[in-house]
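Welcome! Here is a short guided tour of a protein model, meant for someone meeting it for the first time. Please have a look at it before reading on.

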Amino acid sequence: MRTQVGIVGAGPAGLLLGHLLHLAGIESVVLENRSRTHVEERIRAGLLEQGTVEVLTEAGVAERLHREAMVHEGLELRFDGQSHRIPLTGLTGKRVTIYGQQEVVKDLIAVRLGAGAPLLFEVDRVALHDLETDAPSISFVHEGIAQRLHCDVIAGCDGFHGICRDSIPAGVLRAYERVYPFAWLGILAAAPPASHELIYARHERGFALATMRSPTLSRLYIQCRPEEDLTQWSDDRIWAELHARLAHRDHGSPVKEGPILQRGVTTMRSFVVEPMRFGRLFLAGDAAHIVPPTGAKGMNLAIADIRVLAQALEAFYRGRGTALLEAYSGRALARVWKAQRFSWWMTSLLHRFDGDDLFEHKLRLAELDYVCNSAAGAMTLAENYVGLPLAPG
Ligand code: FAD
Ligand code: DHB
């Protein structure tokens, strides 16, 4: 089998790349090792930056998003039992959008299959070959048949646990990493959201976040231990913890209870590899970097990478040479590191660190006070949260 661009992974990164290439008249094949149902039902990110919504809109895959999504103009920070609103739109002119990652993935799968473009689920034993040549290839097994996909370029969009990054010879990449001593216990509940905007809470018992998926579906997170055993968390214990951490000193808890539909623990890590390229293999999204979820940057970064990569591939296929492909890693990383900094900062500001003494606790409260009560402090949070500009083209 032959194509122009071989794409490994059908998450937001791989699917969007396939679609942008299709719009530019460039052929690709997307290979995904899980089933369609699995990737469409995997509950993860939920908050889209305005730039992400614009990319999806320009690509013609945001019709349902604009019908169903919830648009937010601010967020709430809660600490010391009090509430402080950051007016995101008032400060930056930009909005953020709540629309589940799995909905973005469903929309991208539908448009790709609708166009008859190749997208293979449940492929097995994916391996990359000849990455340092102009004719790399991908071997894999699909429906019991061993196949080889010959291409000009391979896009490694297979997430943090994929095989693309590890296909690069030892010594080429430099990895930067920080593992946090806590995790998030997340639930999806059939209950109205705690508030009309997101609430991020710093509490002596640990961080909590109240977000949502729709007017009848809440998504709630609490800081927990990385090795947390979910069997120790009854529904009652989860709700009690959420009420305690999100409570307002005067108005009590805004959290509304309902049947818990899904629960899971997410560990927290900052990770970047440099460069995001080896020969004809280009890494994008979680395959190259992950952030702790506190600033909601993961999927947005994956989409920003793809915009830069798609532009570079379009220039390459239009006969404008490899300059933009050479520049891909540097352009993507400039934005990645700023989002890494922001995600690390939001995480440090809002979580409880076991070793912290009272001095550090007081410093964090002072910083929160500064963010909430200084225009410059609020702006620093707001402009990063709504999304820094994409790399200039
Ligand atoms: P993925 O979505 O991981 O996709 C990679 C794909 O490759 C998968 O489908 C995988 O099955 C496939 N694959 C893996 N190995 C192979 C292989 N060998 N062969 C073929 N296919 C393979 N981000 C935000 O922007 N906002 C948020 O609010 C947010 N909240 C989050 C909350 C949680 C609890 C979690 C866990 C994450 C959150 N994120 C958030 C991060 C976001 O989900 C990821 O950054 C995003 O999924 C990255 O997209 P991707 O396409 O790079 O990788
Ligand atoms: C969501 C997740 C986040 O990590 C975040 O900062 C905001 C929203 C969400 O799942 O909706």
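## The shell around ligand 1

The shell around ligand 1 is made up of 16 nonpolar, 13 polar and 6 charged residues. Keep in mind throughout that this is a predicted model. Of the 35 residues around this ligand, the nearest are Gly9, Gly11, Gly159, Gly285 and Gly298.

Which helices help to build this shell? Helix 1 (12–23) and helix 8 (298–317) each give at least two residues to the surroundings of ligand 1. Helix 8 makes the largest contribution to the shell, with 4 residues.

## The shell around ligand 2

Now turn to ligand 2. Its surroundings consist of Ala45, Gly46, Leu47, Leu198, Thr211, Arg219, Pro293, Thr294, Gly295 and Ala296. Sorted by class, these are 5 nonpolar, 4 polar and 1 charged residues.

Which domains supply the shell around ligand 2? At least three residues come from domain 1 (5–71 + 95–177 + 269–353), and at least three come from domain 2 (180–267 + 355–383).

## Two domains and a record

The domain assignment divides the protein into domain 1 (5–71 + 95–177 + 269–353) and domain 2 (180–267 + 355–383). Between the C-alpha centres of domain 1 and domain 2 there are 29 Å. Where the two touch, 14 residues of domain 1 and 23 residues of domain 2 take part. On the domain 1 side of this contact, helix 9 provides the largest share, 3 residues. That side of domain 1 has 8 nonpolar, 4 polar and 2 charged residues.

An unreviewed UniProt entry carries the annotation "domain: FAD-binding" for residues 2–343. In the model, this span is 31% helix and 31% strand, and its end C-alpha atoms are 40 Å apart.

## The sheet of 8 strands

Next comes an open sheet of 8 strands with mixed pairing, in the order 6-5-14-15-16-13-17-20. Why do strand 6 (82–86) and strand 20 (289–290) each have one side without a neighbour in the sheet? Both stand at the edges with a single partner strand, so one side of each is left free of a neighbour there. Within this sheet, strand 13 (residues 174–189) and strand 17 (residues 260–274) are joined by 13 bridges in the antiparallel sense. Leu185 faces Val265 of strand 17 across this pairing.

Two helices pack on the sheet. Helix 9 (residues 323–350) touches strand 13, strand 14 (199–202), strand 17 and strand 20, and its direction makes about 130° with that of strand 17. Helix 10 (residues 358–373) touches strand 5 (75–79), strand 6 and strand 14, with about 150° between its direction and that of strand 5.

## A sheet of 3 strands

There is also an open sheet of 3 strands, with antiparallel pairing and the order 3-7-4. Strand 3 (47–48) and strand 4 (70–72) are its edge strands, each with a single partner, so each has one side without a neighbour in the sheet.

Strand 3 pairs with strand 7 (residues 96–98) over 2 bridges, in the antiparallel sense. Here Leu48 lies opposite Thr97 of strand 7. Leu47, a residue of the shell around ligand 2, falls within the range of strand 3 (47–48).

## Strands 9, 10 and 11

Strand 9 (residues 124–129) and strand 10 (residues 137–142) form an antiparallel pair over 4 bridges. One of the bridges pairs His129 with Ser137 in strand 10.

Strand 10 also runs antiparallel to strand 11 (residues 145–150), and 6 bridges join them. Among the pairs is Ser139 with Arg148 in strand 11. The hairpin of strand 10 and strand 11 has 2 residues between the strands, and Glu143 there takes a positive phi near 50°.

## Backbone details to look for

Which two residues does a cis peptide bond join? They are Glu274 and Pro275, with omega at about -10°. Pro275 sits in the loop between strand 17 and strand 18 (277–278).

Another spot to visit is Asp80, in the loop between strand 5 and strand 6. Its phi is near 55°, a positive value in a residue other than glycine.

Methods. Residues are numbered from 1 along each chain as its sequence is written. Chains are lettered from A and ligands numbered from 1 in the order in which they are written. This is a predicted model: local features need pLDDT of at least 70, side-chain atom pairs count only at pLDDT 80 or more; totals for chains, interfaces and linings use all residues. A residue is near a molecule or strand if its C-beta atom, placed from the backbone, lies within 6 Å of it. Ala, Val, Leu, Ile, Met, Phe, Trp, Tyr, Cys and Pro count as nonpolar, Asp, Glu, Lys and Arg as charged, and the others, Gly among them, as polar. Domain bounds come from an automatic or database domain assignment. Two strands pair if DSSP finds at least two bridges between them. Two residues are in contact if their C-beta atoms, placed from the backbone, lie within 7 Å. Axes are lines fitted to C-alpha atoms, for helices over the stretch in contact, and angles run from 0 to 180 degrees between N-to-C directions. UniProt positions are given in the numbering used here, feature names are shortened, and annotations may be inferred rather than shown by experiment.
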